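Work through the exercises below with the sequence and the model open. Each task is followed by a solution in steps.

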Amino acid sequence: MKHKKLKYNAENMFLIINILCKKKNISINKLEKEAGITPGYFSRLNSSRSVPSINIIIKIANYFDITLEEASGNLFASDVIDEMINNKEAEIKSLKEMKEN
């Protein structure tokens with residue numbers, strides 16, 4: 001089965017960075033600090049809807065030990081969809097718990 005790849009854009013980049021951080025169980029702040037990226041960079045990047053420079057993509061790839069292609073947002077769309085489903089399921093669980101209490 002052939003997987004569709006995501007387009008390289010700011011929204012996908014931010015989502016992929018979040019997925020990578022979740023998989024490693026770290027915050028974006030910790031990623032920025034440990035990878036040598038200016039604090040608040042990804043927040044500003046997401047707000048401006050711009051894509052990171054190649055230097056930042058290299059730092060992300062090195063930090064997570066992934067390819068430049070993966071770091072630049074070319075993960076399979078199914079991985080992102082799975083992550084979105086997991087996020088929604090967690091939100092639903094939280095709302096159900098709030099309702100029960």
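**Exercise 1. State how much area the protein chain exposes and what share of it carbon and sulfur atoms supply.**

Step 1. The exposed area of the protein chain is about 7000 Å², computed by the Shrake-Rupley method with a 1.4 Å probe, where for residues only the protein chains shown count as cover.
Step 2. Carbon and sulfur atoms account for 53% of this area.
Step 3. Of the 101 residues, 33% are buried (under 20% relative accessible area; exposed is over 50%, partly exposed in between; 1.4 Å probe, protein chains only).

The model is predicted: local features need pLDDT of at least 70, side-chain atom pairs count only at pLDDT 80 or more, and totals for chains, interfaces and linings use all residues. Residues are numbered from 1 along each chain as its sequence is written, and side-chain values use heavy atoms, leaving out hydrogens and water.

**Exercise 2. Describe the secondary structure and the confidence in it.**

Step 1. The protein chain has 6 helices and 0 strands (DSSP runs numbered from the N terminus: helices are H or I, at least four residues; strands are E, at least two).
Step 2. Mean pLDDT (the predictor's confidence in each residue, from 0 to 100) is 79 for the protein chain, and 75% of the residues score at least 70.
Step 3. Confidence is highest in α2, at a mean of 94, and lowest in helix α5 (residues 68-71), at 75.

**Exercise 3. Find the largest nonpolar core and the helices that supply it.**

Step 1. A nonpolar core is a set of buried Ala, Val, Leu, Ile, Met, Phe, Trp, Tyr and Cys residues joined through side-chain atoms within 4.5 Å.
Step 2. The largest one has 21 residues, and those with the most contacts inside it include Ile-17, Leu-31, Phe-42 and Phe-64.
Step 3. At least two residues of this core come from each of α1 (10-24), α2 (28-35), α3 (41-48) and α4 (54-64).
Step 4. Leaving aside residues up to four places away in sequence, Phe-64 touches Leu-20, Cys-21, Lys-24, Ile-26 and Leu-31 (contact: heavy atoms within 4.5 Å).

**Exercise 4. Classify the aromatic pairs.**

Step 1. Rings of Phe, Tyr and Trp (its six-membered ring) pair if their centres lie within 6.5 Å; planes under 30 degrees apart are stacked, over 60 edge-to-face, the rest tilted.
Step 2. The count is 2 aromatic pairs.
Step 3. Tyr-41 and Phe-42 are edge-to-face, with centres 5.4 Å apart and planes at 80°.
Step 4. Tyr-63 and Phe-64 are also edge-to-face, at 5.0 Å and 85°; both residues are buried.
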